[in-house]
Protein chains: 2
Amino acid sequence: MILDGKTLKQKILDENKKIINDNNYKIKLAIILVGNNEASKIYIRNKELACNYVGIEVDKYLLDEETKEEYLIELINKLNSDNKITGIILQSPVPSQIDFNKCSGLINAKKDVDGFTKENIYNLYLGVDTILPCTVKGIIKLLEEYKIKISGENVVIVGRGNIVGHPLSLAMLNKDATVTIAHSKTNNLKDITKKADILISATGIPHLIKEDMIKENATIIDVGVAKIDGKIVGDVDFLNVSKKAKYITPNPGGVGPMTVAMIIDNLIFMYERGIKNG
Amino acid sequence: MILDGKTLKQKILDENKKIINDNNYKIKLAIILVGNNEASKIYIRNKELACNYVGIEVDKYLLDEETKEEYLIELINKLNSDNKITGIILQSPVPSQIDFNKCSGLINAKKDVDGFTKENIYNLYLGVDTILPCTVKGIIKLLEEYKIKISGENVVIVGRGNIVGHPLSLAMLNKDATVTIAHSKTNNLKDITKKADILISATGIPHLIKEDMIKENATIIDVGVAKIDGKIVGDVDFLNVSKKAKYITPNPGGVGPMTVAMIIDNLIFMYERGIKNG
């Protein structure tokens with residue numbers, strides 16, 4: 001069965017559009033892009049379209065490839081103290097003169113749409129209710145929509161990046177999964193992936209996950225994005241793996257749309273918390 | 001083969017005693033205990049003895065069972081700003097009126113001997129060189145002493161507490177292990193533990209880990225402490241498991257002494273960093 005992120009995204013956007021409209025919320029997102037990464041531009045365009053659709057204003061800051069870190073830090077500080085800005089996204093990747101972890105860590109935790117700041121990661125670690133990274137939250141929402149059990153199940157995550165794999169492992173542990181994190185140094189990947197009730201791959205290695213690496217009736221979540229001849233290719237060999245899996249995300253059309261939907265979800269959460277706390 | 005934490009502890013203490021003496025370091029540790037937990041008193045006594053041995057001064061704050069959280073916070077703030085104090089330990093557990101995570105989180109990250117503060121956990125998450133929780137560091141030192149490979153190996157951690165299991169999973173990932181975290185909600189514990197090249201149990205459930213739950217020639221680390229008829233009993237059924245394991249920690253005499261030795265190690269690290277940074 002296909003885990004249809006595209007359809008669920010539309011459903012979530014429509015619900016959120018209604019909430020924003022009914023309550024007359026004035027939400028504003030600031031997106032910062034440093035440099036000319038083409039994939040980043042597409043991601044930002046998708047985020048902007050979703051915001052426009054639900055009635056969230058977007059301010060874009062498109063900075064030059066050569067931008068100095070101190071200039072970026074100044075901009076983040078300015079946006080942090082601007083009361084009209086609900087949330088801030090620093091689009092990854094950034095050019096090499098900029099330390100992404102350091103700069104994204106300077107975003108005020110209350111405006112941290114991506115959930116990457118120290119405060120939010122620490123809360124995630126402690127299992128305290130917090131702003132979840134959008135892809136992590138999107139994967140969990142998708143599993144929950146299809147009533148796929150997480151608690152007690154073997155969840156194997158391939159990839160330990162700080163955008164998806166690593167924070168996802170903390171979130172899945174909070175959902176009471178038995179969590180395994182595999183990565184490029186893992187000796188016996190196939191032995192590990194074959195044990196997964198839920199297998200989530202976030203490496204960007206095209207078709208890393210083959211049919212013989214999964215368990216019959218497993219749930220397969222493909223987060224990877226690579227490009228071959230201009231076409232997006234995921235981590236999972238969909239054509240063959242889909243015959244053996246019980247649930248599987250298409251890619252594109254699975255996790256990607258969910259990530260965008262969760263930006264909206266996080267912004268509403270942050271805006272409402274802001275109202276509650278004055 | 002026995003992983004002899006007791007002997008390694010002595011070796012580390014002797015090395016550290018020499019460092020402190022040769023350099024005339026003036027290190028001072030503050031230990032706070034709230035209430036009358038008997039096990040805590042023994043732990044504190046062991047920490048104090050080790051400090052005395054190497055030439056580290058100890059200030060003990062033994063607070064009443066009924067101590068209010070605000071009083072504890074005031075004390076932590078005072079110790080944070082006292083230049084003579086190198087490190088602070090808030091002994092766990094604390095009585096129910098006190099939020100341990102909140103209060104230990106208030107310890108200045110630079111004085112956080114236990115490595116439990118937001119700053120240090122976030123650094124551990126990012127894989128940045130930081131103050132490691134003492135038990136976590138002790139387990140890694142013990143494995144390294146016996147030249148047991150971690151990178152690429154299947155490390156299974158049973159228990160996800162914030163003192164050992166959870167931070168250990170982050171540290172083992174930083175060491176390039178393939179990490180699995182199992183816990184009370186895990187469906188099929190035996191299937192999980194049997195895959196472990198290195199199995200670390202930190203649950204406090206006496207003799208949870210039996211011979212049939214481990215792989216031939218695995219390394220077994222027993223962190224659990226329970227008491228039966230006044231005798232300390234670990235998580236591992238040592239008598240039977242030791243016949244099948246390649247390496248195994250005794251308990252007591254394995255991880256416990258290493259934890260104490262790492263307090264000294266962390267204090268020296270913090271003191272030297274303090275000198276370096278003025």
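This is a short conversation about a predicted model with chains A and B.

Student: How do you know that β5(A) and strand β5 of chain B pair?

Tutor: Pairing needs at least two bridges between the strands. β5(A) and β5(B), residues 178–182 of chain B, have three bridges in the antiparallel sense, so they count as paired. Within that pairing, T180(A) stands opposite T180(B).

Student: Nice. What makes residues of chain A and chain B count as being in contact?

Tutor: Their C-beta atoms, placed from the backbone, must lie within 7 Å. By that test, 22 residues of chain A are in contact with 21 residues of chain B. The elements giving two or more residues to chain A's side are α5 (118–126), α7 (165–174) and β5 (178–182) of chain A. That side divides into nine nonpolar, eight polar and five charged residues.

Student: Which strands pair with β6(A)?

Tutor: Strand β4 of chain A (residues 154–158) pairs with β6(A) in the parallel sense over four bridges. Four bridges also join β6(A) to strand β7 of chain A (residues 219–222), again running parallel. S201(A) stands opposite V158(A) and also opposite D222(A) in β7(A).

Student: Why are both faces of β6(A) called covered?

Tutor: A residue is buried if 20 or more other C-beta atoms lie within 10 Å of its own. I198(A) and I200(A) on one side are buried, as are L199(A) and S201(A) on the other, so both faces are covered.

Student: What is the expected span of α6(B), and what does it reach?

Tutor: Helix α6(B), residues 134–145, has twelve residues and reaches 16 Å from its first C-alpha to its last, close to the 16 Å expected at 1.5 Å a residue.

Definitions and conventions:
Residues are numbered from 1 along each chain as its sequence is written. Chains are lettered from A and ligands numbered from 1 in the order in which they are written. This is a predicted model: local features need pLDDT of at least 70, side-chain atom pairs count only at pLDDT 80 or more; totals for chains, interfaces and linings use all residues. Two residues are in contact if their C-beta atoms, placed from the backbone, lie within 7 Å. Ala, Val, Leu, Ile, Met, Phe, Trp, Tyr, Cys and Pro count as nonpolar, Asp, Glu, Lys and Arg as charged, and the others, Gly among them, as polar. The expected span of a helix is 1.5 Å times one less than its number of residues. A residue is buried if 20 or more other C-beta atoms lie within 10 Å of its own, exposed if 12 or fewer, and partly exposed in between; C-beta atoms are placed from the backbone.
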